Amino acid sequence: MSKKAVSTKNSVLGTNTARWRAEVEGACERKGLLLTQLRRQILTILAENSAPLGAYAIIDQLSRREGKPVAPPTVYRTLDFFLEHGFVYKIESRNAYAPCEHIGHSHHGALLLCEKCGRSDEIEDAKLDRLLQEAAARAGFAPHRQMVELVGLCRDCAG
């Protein structure tokens with residue numbers, strides 16, 4: 001994994017990074033979840049970046065801010081916490097994390113990934129989710145989580 005930010009744009013947040021961070025903080029408060037100093041720092045890093053980030057890009061930024069090395073497991077545990085509570089989504093094919101516009105739910109949608117500009121959009125579609133769940137059940141498969149990634153051209157690049 002490269003130690004640089006994944007070269008994708010995060011179209012979910014745009015200019016709403018402060019709103020997203022406040023929503024995550026509010027959700028933690030309502031659910032009684034501990035938002036440790038480390039979690040706050042990683043939350044800030046994710047909010048400040050316009051592109052989804054890989055764990056090592058987060059580790060690099062955090063190490064620079066702290067002025068000391070940061071152990072990868074601590075960052076991965078924090079990212080797992082954010083995933084578990086629906087604050088971020090993971091772009092599996094790019095091994096990158098991005099803030100979620102739909103805070104507080106499990107991600108069972110699809111990601112639209114532009115292969116030209118790198119834009120990533122999350123879509124939620126209950127019908128698509130139901131179809132995938134039914135297809136898995138017919139195959140005797142019990143999924144624990146799902147994320148469908150569609151790669152192509154976004155509206156801007158296709159036009």
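I123 comes out as partly exposed, at a relative accessible area of 32%; the labels here are buried for under 20%, exposed for over 50% and partly exposed in between, with a 1.4 Å probe and protein chains only. This is a predicted model, so local features need pLDDT of at least 70 and side-chain atom pairs count only at pLDDT 80 or more, while totals for chains, interfaces and linings use all residues. Residues are numbered from 1 along each chain as its sequence is written, and side-chain values use heavy atoms, leaving out hydrogens and water.

I123 sits in strand β4 and joins L112 and L150 in a nonpolar surface patch, with about 220 Å² of accessible area together. Areas come from the Shrake-Rupley method with a 1.4 Å probe, and for residues only the protein chains shown count as cover. A patch takes residues with over 30% relative accessible area and no salt bridge, joining like charges within 9 Å and nonpolar side chains (Val, Leu, Ile, Met, Phe, Trp, Tyr) within 5 Å. The salt bridge cut-off is a side-chain nitrogen of Lys or Arg within 4 Å of a carboxyl oxygen of Asp or Glu.

As for the sheet, three strands make up an open arrangement in the order β4-β3-β5, with mixed pairing. Its edges are β4 (120-123) and β5 (148-152), each of which pairs on one side only. Strands are DSSP runs of E with at least two residues, numbered from the N terminus, and two of them pair if DSSP finds at least two bridges between them. Strand β3 (residues 110-114) runs antiparallel to β4 over four bridges, and L111 has E122 in β4 as its bridge partner.

Then there is the β1/β2 hairpin, which has four residues between its strands and a turn where N95 shows a positive phi of about 50 degrees. Strand β1 (residues 88-91) is joined by four bridges to the antiparallel β2 (residues 96-99). One of the bridge partners is A98 in β2, matched with Y89. In a regular strand the side chains alternate between the two faces of the sheet. In β1, V88 and K90 point one way and Y89 and I91 the other, and all are buried.

Finally, the rings: the structure holds four aromatic pairs. F81 and F82 have ring centres 5.7 Å apart and planes at 55 degrees, so this pair is tilted. Rings of Phe, Tyr and Trp (its six-membered ring) pair with centres within 6.5 Å; planes under 30 degrees apart are stacked, over 60 edge-to-face, and the rest tilted. F81 and F82 are both buried, and ring pairs link them with F87 into a cluster.
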